[in-house]
Amino acid sequence: MKRISLFTICFAIFIACWVFLRFVVGGVISVPIPSSVISMYMGLVLIAILVHVSVEDTRFREFLRPIHETLVGENRRVRRIVLAVLIPLLMLGYTYSNLAQKANPPGDPRDAHPSPPLELTYKDEVIGSMQDVENPYRHYEKDDPEKFKSHVENGRRVYYQNCFYCHGDHLDGKGHFADALNPLPANFQDPGIIPNFQESFFFWRISKGGPGLPASGTPWNSAMPIWEDHLTKEEIWDVILFLSDYTGYPYRTFGEGH
Amino acid sequence: MKTKMLTCLTLLLACGFGLFVFADSHEKEEDMNKLVFPKAYKTTAVSNGGKISGVVKFDGEVPEMKKLEITKDKAVCGVTDKFDEALVVGEGNVLKNTIVYLMDISQGKDFDKEAKPELDQKNCRFNPHVQLIPVGTALTVLNNDKATHNVHIFGTSKNNTSVNKQQTKNRKKMRLTGAKGAEGPVEVKCDIHGWMKAWVAYVPHPYFAVTNEKGEFTLEDVPPGDYKLGYWHEACGTNNKEPVKVTVAAGGEVKQDFTLKLKEAK
Amino acid sequence: MRSKNVVYLILILGLLSVYNLIFAQDAPEVSEKGKEVYEESCAHCHGTEGRGDGSAAENLLPQPRDFTRGLYKIRSTESGQLPTDQDLFDIITEGMPGSSMPGWETSLKADERWEVVAYIKTFYDGFKESETPPRQISLEGKIPYSEESIEIGKGLYTQFACFECHGQVGRGDGTSAPTLQDEWGFQSWPANLAQGWNFRGGNDIDDIYKRFIGGIAGSAMPMFEDPAFGLTIEQSIRYNELDNKVEMTEAEEEEYNQLDEKMGNAFEILDLMAEGSADEEQKQSYATAMKAFYEKSWHLANYVKSLSSEKRPEPAIGKNVLRSQYTEDDLPQIMDAAWDTLDSSYFPLVGQIIIEPRQFNPTIDSVNAKSFYNDTEVAFLFTWDDRTNNTEVKENEDTGKTFEDAIAIQFPVKIPKSPTAEKPYFLWGGRKAVYLWEWKASAADKITELTAKGINNAEEQEIQGDLQVEGKYTDGQYNLWIKRALKTDDKKDLQLEPGVFVPIAFSAWDGANGDVGTKRVISSWYSFVLEPVPSSRRFIYPPLVALLSFGLLVGLREFVRQRNT
């Protein structure tokens, strides 16, 4: 039985690493890795292989043997010619496709959840500190369920008269206006949205809208209206109650470890 | 004694409450614009019946009839001027196209079986503007135009009887069976020529009349008795809240004129 | 005495509850669940009593369905029939594209959707009263989708008078379009057949066929009837041909009259059938005529299908961005065939609901764009569908006030240096200004350059005349051609350079839909680039690299060989 050469093994390991990164991690596990990161990893793999084979003189010679044979061996003529044609052709194709590729527009790096200001305001009126302000109607949930329900119902009305065009009937950010927006409207059904923020944060985002974002949130792209121009304070608090009531997700409350 | 009274009172109260619930869910504003039909109607031979006649007049400033804008098919539709016929007032303030009828008649003569209600479409205008159709009788729609129309008879809130059929220039005559029960008046429209509008009322008994150019109406062969006389007009509404009470004597004639005002704008 | 009163009070209550019991037994069996789901998910639009008057209804067009009338637009049943339970279930599941009714497949379980079907049926007594199940439209005799069928369908499109509302090429721009209303008196625009993704009942050929045969109840869309009933397809085509002739020969006249008579007879039989008084022979010829009618309808459905792409095009993001194509020649004019060589970039538009007055019910779906540039100039072709050509402000008692159609193309005044650098606010700028080209249908050969720092804060630039423009309206579509030098002397203008991505956004106004001022449709920021001329290096470098690698290989071999010896 012919022994598999060290070169073949190293080559196979190299290919296997690439396949793993590109298809297993990127495809099966579906965490796509940017090509630049893959190149970096492959570079490391290559260095590791080279270090491994060049540690011992004999091993290095063993590693080089097939290359050596291919280059000058009498009985490797066919392989030599094939490689001499194939390698330049591959290089040709690679350079051409790199040069002919169209550039894509620059991405819009955007902080989806930028940090809020320290103070919560409605129009010019200061409500309190962002961390401390609570929804003034939240306590009805325990104290007066009937009254709480009427606030939620009012929130529902506000939502379907104003918000559902973009954020959708199902609160999933897929309203009938959503298709045309970039960035897309927030999806309240996403478990990473409501539970991660205080009600005061939502009040800030609703009342000040897109233009109220700090620069890192790319305020110039957001189609979120400045709702304090259209809604009363109570309506905003009510719609906040509705969002959590409909989706079943509780807001983050202060004291749960910030 | 007292026990009986209380029982009666209880029953009365219960009935009253029931009626209240019933009436509340049914007395809708739109019903005020509909005709009132008797619960049942029986045909019998009428001899020596009475007659009710009169003139309907319009009270108020008569607006100038709005000329309709002919937006398409001008070669066919534009040959005659057309006006909004919602309010047609003749000399002496007489009002055309008012339906006058008996609200609560429960028996009387049969329909004139010979009559075939027709709705004509000529030069893109419906004629007549208001007509009565005996329940169960087909309406013959004529197309005398070299144009495609669509005959859209609206449904009412209670019945899924909306009919909308295309009538191309090839089809000169089309019979349409509309509502199976008494209803109306309902609007008839040609959507292709948006200005074409008319009204049809599916009626369960023949004691209905539409006023002519002189505002006149006549109800004949009315069996003697007490009746409520109602009217309907496209622009002036109904008197469903306060029908006029008339008493018809055998072979007698009752004169009853009406003076209508425009419906209050909502 | 007092105790007796109590007894009577109990009696009254008892009677009332008996009354309620009887009353309740009248209603079909509906689970509490259906009501619960309905009130949680449907009532805000359709109203708790199913009247289509929920709190959100006011701003919606098409209006939410009023369930109390039993009129359903999208059915698999014949005209005048109620929908099947499956129809209602399907609408709930899939929603109604192009309206605000979403699909509920992901948010309601199938059994919940069935419960809702049962519940909404209680709003209309007719469901309870009808003894026979609704007659369904048969899909038998379906004709496969093919070029020939589409061609036949195209001819029938005219004959069936579809163009009256849907326009000559189907963009919903027929002469009857502006006056259409539904039975509730709301404006009801005919479908733009080139935008199949907005068909309320779906754009499968079967769906389209069902709309022909069953009509769209409550809307202006009638139940179709064969205008040449009783004639075969060949005869219909011939009849139409003859009908359109100014003068006919004697033989033709005779042929025409024969066909006319055949048709007349068939119509006669149709009426007899409706009255139920046709004899066997008449029934036979009715069946033959109906078969031909169904055949024609399938051809028509195939034609309508062919007018639109299957799905809404991908928006101009990523690879689809608007890339201006370099040409060495003069730039093409508005109707030049050269434009057909380019793919267009699709920019979806939505109602502006940020600043009052707002547009909740937009009628313009999107704008498409193409562009060419050469060494000195750039030309754009913008295309968008609009059912009406409104060139002036008009007061109309029936359809309300209409305004003029317009579009504005927006760029930043200065291109942001990096992706993170501040851009102007996408809605006509703010702190940073935008540069706008505003065109109005009233002056097709005029375009105004504006600088804006807010939707209500736009100013005409002092220096005008940098742009050449030509606008055309045909068959429900605007084509707007604009040409400008890459560089201008005006400091307030955007200066263009190949290879630099430029933010671009749009505003458009459909005057017939009441669009004016802030009431309009808008887009987010997209990108546009003068696509750099693919450098000629792409023909030089690769062979060089190939040659070099070959040389390296040869060199390596020589090196090894020499070392060996």
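This report walks through a predicted model with chains A, B and C, one part at a time.

## Chain A: the overall layout

Let's start with chain A, which has 8 helices and 2 strands. If you follow the sequence from start to end, the order is α-α-α-α-β-β-α-α-α-α, so the two strands sit between one run of four helices and another. How spread out is chain A next to a compact globule? Its radius of gyration is 30 Å, while the globule rule gives 18 Å for 258 residues, so chain A is more spread out than a compact globule.

The box around the C-alpha atoms of chain A tells you about its outline: roughly 95 × 40 × 30 Å along the principal axes. Chain A is also split into domain 1, covering 6-100, and domain 2, covering 119-247. Between the centres of these two domains there are 54 Å, taken over C-alpha atoms. As for burial, 29% of the 258 residues of chain A count as buried. Now take the contacts in chain A between residues at least 6 apart in sequence: 54% of them link residues at least 24 apart.

## Where chain A meets chain C

Which chains share the most contacts? There are 2 pairs of chains in contact, and the pair made by chains A and C comes out on top. On the chain A side, 41 residues take part, and they touch 52 residues of chain C. Three helices of chain A each give two or more residues to this side: H3 (57-72), H4 (77-100) and H6 (145-167). H4(A) supplies the largest share, with 10 residues.

What kinds of residues does chain A bring to chain C? Sorted by class, there are 25 nonpolar, 10 polar and 6 charged residues on that side. Chain A and chain B, on the other hand, do not touch, and their nearest C-alpha atoms are 24 Å apart.

## A helix in chain C

Now zoom in on helix H5 of chain C, which runs over residues 110-121. With 12 residues, H5(C) reaches 17 Å from its first C-alpha to its last, close to the 16 Å expected at 1.5 Å a residue.

Which residues of H5(C) are buried? They are Arg113(C), Glu115(C), Val116(C), Val117(C), Tyr119(C), Ile120(C) and Lys121(C). Here's a handy idea for reading a list like that: an α-helix has 3.6 residues a turn, so residues three or four places apart point the same way. The buried residues of H5(C) pack against three other helices of chain C, namely H2 (32-41), H4 (85-94) and H6 (126-129).

## Chain B and its strand E5

Chain B has 2 helices and 22 strands. Buried residues make up 40% of its 266 residues. Looking at contacts in chain B with a separation of 6 or more, you'll find that 70% are between residues 24 or more positions apart.

Strand E5 of chain B, residues 99-102, is a nice spot to look at up close. Are its faces covered or open? Both are covered: Ile99(B) and Tyr101(B) are buried on one side, and Val100(B) and Leu102(B) are buried on the other.

E5(B) also has partners. With strand E16 (residues 208-210), E5(B) pairs in the antiparallel sense over 3 bridges, and there Ile99(B) has Val210(B) as its bridge partner. With strand E18 (residues 225-233), E5(B) is joined by 4 bridges, again antiparallel. In E18(B), the residue opposite Ile99(B) is Trp232(B).

Note on methods: Residues are numbered from 1 along each chain as its sequence is written. Chains are lettered from A and ligands numbered from 1 in the order in which they are written. This is a predicted model: local features need pLDDT of at least 70, side-chain atom pairs count only at pLDDT 80 or more; totals for chains, interfaces and linings use all residues. Two residues are in contact if their C-beta atoms, placed from the backbone, lie within 7 Å. Ala, Val, Leu, Ile, Met, Phe, Trp, Tyr, Cys and Pro count as nonpolar, Asp, Glu, Lys and Arg as charged, and the others, Gly among them, as polar. The expected span of a helix is 1.5 Å times one less than its number of residues. A residue is buried if 20 or more other C-beta atoms lie within 10 Å of its own, exposed if 12 or fewer, and partly exposed in between; C-beta atoms are placed from the backbone. The radius of gyration is taken over C-alpha atoms; the globule rule is 2.2 Å times the number of residues to the power 0.38. Domain bounds come from an automatic or database domain assignment. Two strands pair if DSSP finds at least two bridges between them.
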